[in-house]
Amino acid sequence: MSVIAFAVGNIPLIKANDDIARILCEKSELKRHDIVVISSTIVSKSEGRIIPLGTVKSTEMAKTIADKNKNDPRFVQAVLDESEEVLLESPFLLVRTKTGSICVNAGIDHSNVEGSDNILLLPEDPDASALKIKDSIFKYTGKKVSVVITDTNGRAFRMGQTGAAIGIAGIRATRDWRGTEDLFGRVLEVKNEAVVDEIAGFANILMGEGNGGTPIVIIHGLNLYHESCGIKELYRPEDEDVIRRVLINKKYEK
Ligand code: GDP
Ligand code: MN
Ligand code: MN
């Protein structure tokens with residue numbers, strides 16, 4: 001199998017209400033069942049998810065956490081406003097967002113955002129954003145493609161950051177190997193491969209983190225197209241999440 005992946009050139013700075021699907025279709029020739037990988041940063045910008053820090057009013061809780069982490073209390077407040085649950089306050093703020101993703105600072109970013117006082121929230125409903133872009137691409141080209149929205153995330157236990165999928169459409173989150181056999185006829189019992197994270201990780205190499213201006217990657221030849229899907233398949237159910245339980249219990253012991 002041979003796979004081609006490339007970053008789309010000449011994407012402008014994205015502003016609120018920009019039509020990412022249309023911009024993409026003008027700059028590239030998509031083929032059936034291509035995978036379109038898009039950085040959440042530009043999806044958020046197109047959805048107007050920029051907040052000037054000056055407009056955020058911080059609560060006592062935000063001030064306490066900000067003090068411990070040497071952070072801006074208004075930034076901490078913005079994180080708390082996006083969160084359902086705090087798993088760890090310090091030395092960094094680890095939360096479960098309203099969409100169920102567990103990540104540092106609710107994925108709120110300063111980098112690659114115009115204006116020194118502005119912060120960028122993640123898309124409100126990344127699966128819905130992915131589906132909207134997928135449907136628009138179909139409208140403009142008649143081609144059915146998979147869409148993966150990514151963000152750069154740190155990982156527990158390992159240094160360094162990688163791309164992670166935060167919203168998907170037209171592709172299953174996982175490829176299930178359970179029930180199939182290994183080389184020696186043993187039946188696999190656990191393996192459920194998180195393919196959209198693997199795709200996000202690879203596409204992130206081509207996007208880069210800095211001033212590359214390459215927020216969209218097209219992957220041709222993998223063909224993982226599937227109609228129904230959602231990123232929630234990757235979110236560990238609360239009662240099975242051992243690490244989350246340990247963190248929360250530790251917090252309440254204090
Ligand atoms: P994140 O991983 O989604 O948080 O996004 P990054 O800040 O790491 O940016 C990923 C890539 O998108 C980098 O190559 C950035 O230069 C690029 N990028 C970010 N915003 C824009 C934009 O508005 N227009 C263009 N053309 N590129 C952008
Ligand atoms: Mn980000
Ligand atoms: Mn990034």
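## Two manganese ions and a covered ligand

The manganese ion (ligand 2) has Asp109 (OD) and Asp151 (OD) as its protein donors, which lie 2.1 Å from the ion. This is a predicted model, so read the values below as computed from it. A second manganese ion (ligand 3) is 5.2 Å from the manganese ion (ligand 2). Ligand 1 has 23 residues around it, and the chain itself holds seven helices and twelve strands.

**The manganese ion (ligand 2)**

- Its two donors come from distant parts of the chain: Asp109 belongs to the loop between strand S6 (102-104) and strand S7 (118-120), Asp151 belongs to strand S8, and 42 residues separate them.
- Asp109 has a relative accessibility of 23%, so it counts as partly exposed.
- Asp151 falls under the 20% cut-off for buried residues, because its relative accessibility is 9%.

**The manganese ion (ligand 3)**

- Thr152 (OG1) and Glu209 (OE) coordinate the manganese ion (ligand 3), at 2.1 Å.
- Here too, the pair links distant parts of the chain, with Thr152 in strand S8 (residues 146-154) and Glu209 in the loop between helix H6 (195-207) and strand S12 (216-220), 57 residues apart.
- Thr152 is partly exposed, with a relative accessibility of 26%.
- Glu209 is also partly exposed, and its relative accessibility is 46%.
- Strand S8 is worth a look at both ions: Asp151 in S8 is a member of the donor pair of the manganese ion (ligand 2), while Thr152 in S8 is a member of the pair at the manganese ion (ligand 3).

**Ligand 1 and its surroundings**

- Among the 23 residues surrounding ligand 1, the closest are Ile11, Thr41, Asn112, Met207 and Gly210.
- Asp151, a donor to the manganese ion (ligand 2), also has a side-chain N or O atom 2.9 Å from an oxygen atom of ligand 1.
- Thr152, which coordinates the manganese ion (ligand 3), places a polar side-chain atom 2.8 Å from an oxygen atom of ligand 1.
- Ser40 likewise has a polar side-chain atom 3.2 Å from an oxygen atom of ligand 1.
- On its own, ligand 1 has 580 Å² of accessible area, and the protein covers 96% of that.
- Two elements, helix H2 (40-46) and S8, each give two or more residues to the shell around ligand 1.
- Of these, H2 gives the most, with four residues.
- Sorted by class, the shell around ligand 1 contains twelve polar, seven nonpolar and four charged residues.

**The chain as a whole**

- With seven helices and twelve strands in the chain, the radius of gyration is 19 Å, close to the 18 Å that the globule rule gives for 254 residues, so the chain is as compact as a globular protein of that length.
- Along the principal axes, the C-alpha atoms fill a box of roughly 55 × 50 × 30 Å.
- Buried residues make up 41% of the 254 residues of the chain.

**Lys27 and Arg236**

- Lys27 is part of helix H1 (residues 20-27).
- Lys27 counts as partly exposed, because its relative accessibility is 39%.
- Between Lys27 and Arg236 there are 37 Å in space, C-alpha to C-alpha, and the two are 209 residues apart in sequence.

Key
Residues numbered from 1 in each chain as written. Chains lettered and ligands numbered in written order. Predicted model: local features only at pLDDT ≥ 70, side-chain atom pairs only at ≥ 80, totals over all residues. Heavy atoms only, no water. Donors = N, O, S within 2.8 Å, 3.2 Å for Na, K, Ca; no water. Buried < 20%, exposed > 50% of the residue type's maximum accessible area, 1.4 Å probe, protein only. Near = heavy atom within 4 Å. Polar contact = N/O pair within 3.5 Å; in protein donor to acceptor, adjacent residues only side chain to side chain. Areas by Shrake-Rupley, 256 points an atom, 1.4 Å probe, with all protein chains shown as cover. Nonpolar A, V, L, I, M, F, W, Y, C, P; charged D, E, K, R; others polar. Rg over C-alpha atoms; globule rule 2.2 N^0.38 Å.
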